[in-house]
Amino acid sequence: MAPDKIKISIFPLLSVNFIGTLGFSIMLPFLVYLVEEFKGNAFLYGALGASYSLCQMIGAPILGRMSDYYGRKRILFICEAGTFISWVIFFGALYLPIKTVFAFHSGLLGDMVITLPLLIVFLARSVDGITAGDISVANAYLSDISDEKELNKNYGKMSASANIGFIGGPLLAGVLGATAMGLKLPIIATSVITLVSLFLIVFGLPESTIGAHKFKLRSHQDTNSQIEKSNEPRPGFRFLIRQPNIAMMMVLYFLIYLGFNFFYISFPLYASDGLKWNVTQLGIFFAFLSGLMVLVQGPLLSVLSKKMSNEVLTIIGGFLLTFNFILMMSHNNVLLYGGAILFALGNGLMWPSFLAILSRVAGHKYQGAIQGLAGSAGSVASIFGLLIGGVLYHTYHEKTFLIAAAIIFGVFLYSFRLLKLKAVRSDM
């Protein structure tokens, strides 16, 4: 049987999640202008996001497995420390001279100019990405301290705290960026916010890892000795993907992320090019969308999760999201905001419910490793979405949303397999 859950308040974890999201989103409105200032083009802007996702794909599963053995709190601290270091590097790039390192012309990608400060920004985003296992580790931490009845509700609270951060970040960036310090002040603020997150991890979060298989870090020799004495296989990719139902969950995770990334890279382009919206209009739209998701993932999900299973909520959410993407093709503001309502309902019901199912299927023993594997699946989808989504939009314009709708409709159909999942013990 699985050990009893540790009764720990999730408030510090929600605060860390909120601060991390706020720190990330505070720079979103400025990043594209910073790339342009450093002589980069649209492809390099997309590649900058892809570099973060690529490094996250490498780092997330490693950090997830480490959290199983060495403790969630310690790895969360490493993740946040990496974020702080990355912002320090980012800040240093602002003071470098804009000198061309190399340049070339590509018929497909246009004029490519790589400058010194742009390379440093790539380095900063890569450092942040390689230590960006905090979401996977936080999800594993939440699973450690939540029983099955609380898990769905707690994942909803985690998503809601992240959405609040996404609302506050761009708004705060707009205020700070309007000062005489320009882009420097938002980066300073982000660094300070990350330090607060580190403080909360050290003093607000107790250790949660409850598995008896956690390693004791005495020496490299001791570690090897324990591995030799254990008959359990080390949780590599092949081992994890062969666990019951994990392959299906990874496919769903990948497709959900892919559909979302096609939307998130295409809609700002559509708002600017097709709808002729300005930054304020786009900001209001995303603030409205995020605010609705807070309501859905908070009180509404809390009520519905008592009446419906996670599997049913995942299916309903996928169905609503399919129609959301279709409505987003409209030039009518009423239909667009109607699509935002469906997006909030669909995403707010589906995503926390899906994460709760994944946590239950993963079990306690390999919780962190499987959460890290899921993070890598999301990173691969993000890389594809960022690099291909923009190209698809320039070719098909708002019809790109039909591709996103088709992907999510596939998720909706495939999710019916969740209803056939056998009861999975949480003591794997």
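**Figure 1. Contacts of Asp 128 in the predicted model.** Apart from residues within four places in sequence, Asp 128 touches Tyr 52, Thr 83 and Ser 86. Asp 128 belongs to helix α5, which spans residues 116–130. The side chains of Asp 128 and Thr 83 are joined by a polar contact of 2.9 Å. Between the C-alpha atoms of Asp 128 and Thr 83 the distance is 4.9 Å, although 45 residues separate the two in sequence. Asp 128 has a relative accessibility of 5% and therefore counts as buried, the limit being under 20%.

**Figure 2. The aromatic pair Tyr 253 and Phe 354.** The model contains 20 aromatic pairs. In the one shown here, Tyr 253 and Phe 354, the ring centres are 6.1 Å apart and the planes are at 55 degrees, a tilted arrangement. The pair connects distant parts of the chain, with Tyr 253 in helix α11 (residues 246–273) and Phe 354 in helix α14 (residues 333–362), 101 residues apart. Tyr 253 and Phe 354 are both buried.

**Figure 3. The aromatic pair Phe 285 and Tyr 337.** The rings of Phe 285 and Tyr 337 meet edge-to-face, with 5.3 Å from centre to centre and 75 degrees between the planes. This pair also links distant parts of the chain: Phe 285 is in helix α12 (residues 279–304) and Tyr 337 is in helix α14, at a separation of 52 residues. Phe 285 is buried because its relative accessibility is 0%. Tyr 337 has a relative accessible area of 24% and so is partly exposed.

**Figure 4. An aromatic cluster.** One cluster of aromatic residues is made up of Phe 260, Phe 263, Tyr 270, Phe 325, Phe 343 and Phe 401.

**Figure 5. Surroundings of Lys 420.** Lys 420 is located in the segment that follows helix α16 (400–414). Its relative accessible area of 74% means that Lys 420 is classed as exposed, because that class begins over 50%. From the C-alpha atom of Lys 420 to that of Glu 311 the distance is 9.5 Å, and these two residues are 109 positions apart along the chain.

Technical notes
Residues numbered from 1 in each chain as written. Predicted model: local features only at pLDDT ≥ 70, side-chain atom pairs only at ≥ 80, totals over all residues. Heavy atoms only, no water. Helix = DSSP H or I, 4+ residues; strand = E, 2+ residues; numbered from the N terminus. Buried < 20%, exposed > 50% of the residue type's maximum accessible area, 1.4 Å probe, protein only. Phe/Tyr/Trp six-rings, centres within 6.5 Å; stacked < 30°, edge-to-face > 60°. Contact = heavy atoms within 4.5 Å. Polar contact = N/O pair within 3.5 Å; in protein donor to acceptor, adjacent residues only side chain to side chain.
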